[in-house]
Amino acid sequence: MTISNAADKDDVLMSVSSSDFNMVEMHKTEMVDGVGRMILQERIVVPAGGQVVLKPGSYHLMLMKAQRPLKAGDSIMVELSFESGKQTIEMPVRKGEGMMMDHSHH
Ligand SMILES: [Cu+2]
């Protein structure tokens with residue numbers, strides 16, 4: 001997922017929520033001593049005229065505790081709260097997408 005900011009002023013993604021999940025977090029994977037660690041992000045800055053790419057191994061959204069069983073082909077709604085306003089997007093559920101990582105250090 002790519003978040004673009006066409007404005008001439010930085011925008012900030014401040015929080016993310018979904019009616020389909022009880023817990024949604026913004027993370028960034030960083031290499032710490034050669035090990036990929038997920039760091040909780042309080043906010044993600046989208047620079048003026050720039051973009052932020054959300055993908056495995058970098059910034060990503062962590063959707064946890066689904067409120068209903070989800071399978072490939074379903075879609076979920078995610079609400080992004082930016083400094084400039086809210087935006088709701090629909091995302092498809094895909095199988096085997098993303099990185100399998102151990103969250104036990106959270
Ligand atoms: Cu994560």
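This report describes the strands, the copper site, the nonpolar core and the salt bridges of a predicted model.

## Overall make-up

The protein chain holds nine strands and zero helices, and from the N terminus on its elements run β-β-β-β-β-β-β-β-β. Of the 106 residues in the protein chain, buried residues make up 32%.

## The four-strand sheet

One open sheet is formed by four strands, which follow the order β5-β2-β8-β9 with antiparallel pairing. Its edge strands are β5, covering residues 44-46, and β9, covering residues 85-92, and each of these pairs on one side only. On average, and with direction ignored, neighbouring strands of this sheet are turned by 35° against each other.

Within this sheet, strand β2 (residues 11-17) and strand β8 (residues 75-82) are joined over four bridges in the antiparallel sense. At one position along this pair, Ser17 stands opposite Glu79 in β8; Glu79 returns below as a partner in a salt bridge.

## The three-strand sheet

A further open sheet has three strands in the order β4-β3-β7, and here too the pairing is antiparallel. Strands β4 and β7 (59-66) stand at the edges with a single partner strand each, so one side of each is left without a neighbour in the sheet. Neighbouring strands of this sheet are turned by 40° against each other on average, again with direction ignored.

Strands β3 and β4 run antiparallel and are joined by six bridges. Along this pair, His27 stands opposite Leu40 in β4, while Thr29 stands opposite Met38 in β4. The two strands form a hairpin with two residues between them, and in this hairpin Asp33 takes a positive phi near 50°.

## The copper site

Which residues of the protein hold the copper ion? The protein donors are His27 through ND1, Met38 through SD, His60 through NE2 and Met62 through SD, and they lie 2.0 to 2.6 Å from the ion. The angles among the four donor atoms span 80 to 130°, and the site is classed as irregular. A tetrahedral site would need all angles between 85 and 135 degrees, so the value of 80° at the lower end falls outside that range.

In sequence, the donor residues are spaced H-x10-M-x21-H-x1-M. His27 lies in strand β3 (residues 21-32) and Met38 lies in strand β4 (residues 35-40), so this pair ties together parts that are eleven residues apart in sequence. Are these two donors buried or exposed? Both His27 and Met38 are buried.

## The nonpolar core

In soluble globular proteins, nonpolar side chains tend to be buried together. In this model the largest nonpolar core has 18 residues, and those with the most contacts inside it are Leu13, Val16, Leu61, Val78 and Leu80.

Several strands contribute to this core, with β2, β3, β5, β8 and β9 each supplying at least two residues. Strand β8 gives the most to the core, with four residues.

## Salt bridges

Side chains of opposite charge can pair when their charged atoms come close. The count for this model comes to four salt bridges, and among them are the three described here. Lys86 forms a salt bridge with Glu79, their closest N and O atoms being 3.6 Å apart. Lys86 has a relative accessibility of 63% and therefore counts as exposed, whereas Glu79, at 26%, counts as partly exposed.

The side chains of Asp74 and Lys71 also meet in a salt bridge, with 3.3 Å from N to O. Which of these two residues is buried? Asp74 is buried, because its relative accessible area of 15% is under the 20% limit, whereas Lys71, at 55% relative accessibility, counts as exposed. A further salt bridge links Lys28 with Glu30, where the closest N and O atoms are 3.8 Å apart. Both of its members count as partly exposed, Lys28 at 22% relative accessibility and Glu30 at 33%.

How values were computed: Residues are numbered from 1 along each chain as its sequence is written. This is a predicted model: local features need pLDDT of at least 70, side-chain atom pairs count only at pLDDT 80 or more; totals for chains, interfaces and linings use all residues. Side-chain values use heavy atoms; hydrogens and water are left out. Two strands pair if DSSP finds at least two bridges between them. Axes are lines fitted to C-alpha atoms, for helices over the stretch in contact, and angles run from 0 to 180 degrees between N-to-C directions. Buried means under 20% relative accessible area, exposed over 50%, partly exposed in between (1.4 Å probe, protein chains only). Donors are N, O and S atoms within 2.8 Å of the metal (3.2 Å for Na, K and Ca); water is not among the atoms, so sites may look incomplete. Four donors count as tetrahedral if all angles lie between 85 and 135 degrees; four count as square planar and six as octahedral if opposite donors are over 155 degrees apart and all others between 65 and 115; anything else is irregular. A nonpolar core is a set of buried Ala, Val, Leu, Ile, Met, Phe, Trp, Tyr and Cys residues joined through side-chain atoms within 4.5 Å.
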